[in-house]
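User: I'd like to go through the labels on this model and see what backs each of them. Can you take me through the reasoning?

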Amino acid sequence: MSTHRGPPPSLIILTLALLNDYSSFAAPSDVSGTNHTATLPLRPHRRMYEMLELYSNDDYDLNWDITPPPLTPSRGTDPQSCDYNPCQELQTPCAQLAASSGCLCPGVSGPHVAPEPPDLKRLSMEGPAVVVQWCAPSSVVTRYEVVVGTLEPLVFGKDQRSGVVGKVGQGVEVCVVAVNDAGVSERQRRSCTMYEPPGDSSLALKAGLIGGGLGLLLLLSLAVLLWRHRARRKADARITQATEETL
């Protein structure tokens, strides 16, 4: 990028000298008792040559560039979004990340507004108990509550994103609500779900064994019926043959 430079001091001094010593001027003259002006001829002054020789080896370029320098965009001025996952448990709050690195947090409603509903992520089994997982809303939250059916709410910390709620019956509603000083979030479709237990592999095995046993029993029955049918035909054939021989 070229550097913007103003007029050199040597040219300024030379211009002032020319205006002072090399100019046309009017001088009064008394001829025949009348006042009139006489224009003197223009002659270069000796000081002009001296100044030209003095500044002939100047480092300044007389053909300076008067074009303003181009504007260069600044780098690194646009803040990035904070590395914050609302579904991750026990992580650094986004406000602390923004204060330390200058990153941007998603919009968060203030503490004087009831929080938005959290997103219920999934229900899973951990042994005989049910584990509830959720994602934080874009709100100030002081705690979370998990409500299972008509039971008392189970309380969890503001930095938690999962909790064990024990045994849950099939078809029972499970909801997660966020709480702060202004109130409690509403129960919406995204924060509630009906519990459906996952498929039991032992039940599938039992069903397979039962089905296999019934199939085997059916095959045995068919085999017995076929054997009896053949045995009867043979018996009938023998009786017929014996009757013919007697006649």
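User: What makes the contact between the side chains of glutamate 145 and arginine 143 a salt bridge?

Analyst: The definition asks for a side-chain nitrogen of Lys or Arg within 4 Å of a carboxyl oxygen of Asp or Glu. Here the N to O value is 3.2 Å, so the pair passes the cut-off. Keep in mind that this is a predicted model, where local features need pLDDT of at least 70, side-chain atom pairs count only at pLDDT 80 or more, and totals for chains, interfaces and linings use all residues. Residues are numbered from 1 along each chain as its sequence is written, and side-chain values use heavy atoms, with hydrogens and water left out.

User: Why is glutamate 145 called buried?

Analyst: Buried means under 20% relative accessible area, exposed over 50%, and partly exposed in between (1.4 Å probe, protein chains only). Glutamate 145 has 14%, so it gets the label buried. Its partner arginine 143 has 33%, so that one counts as partly exposed.

User: How do you know that strand 5 and strand 6 pair?

Analyst: Strands here are DSSP runs (E, at least two residues; helices are H or I, at least four), numbered from the N terminus. Two strands pair if DSSP finds at least two bridges between them. Strand 5 (residues 143-148) and strand 6 (residues 154-157) have four bridges in the antiparallel sense, so they qualify. Within that pairing, tyrosine 144 stands opposite phenylalanine 156.

User: Which strand do six bridges join to strand 5?

Analyst: That's strand 8 (residues 173-180), and the two run antiparallel. Valine 146 stands opposite valine 176 there.

User: What makes Glu116, Asp119 and Arg190 one network?

Analyst: Salt bridges that share partners join them. Arginine 190 meets aspartate 119 at 3.5 Å, N to O, and glutamate 116 at 3.8 Å between the closest N and O atoms. Arginine 190 is in the loop between strand 9 and strand 10 and aspartate 119 in strand 3, so that contact ties together parts 71 residues apart in sequence.

User: Why does lysine 234 count as exposed?

Analyst: Its relative accessible area is 56%, so it earns the label exposed. Lysine 234 is found in helix 4 (residues 201-246).

User: And what makes Arg230, Arg233, Lys234 and Arg238 a positive surface patch?

Analyst: Patches are made of residues with over 30% relative accessible area and no salt bridge, with like charges joined within 9 Å and nonpolar side chains (Val, Leu, Ile, Met, Phe, Trp, Tyr) within 5 Å. Lys and Arg count as positive, so the patch of Arg230, Arg233, Lys234 and Arg238 is called positive.

Terms used. Accessible areas come from the Shrake-Rupley method with a 1.4 Å probe; for residues, only the protein chains shown count as cover. The place of a charge is taken as NZ of Lys, CZ of Arg, CG of Asp or CD of Glu.
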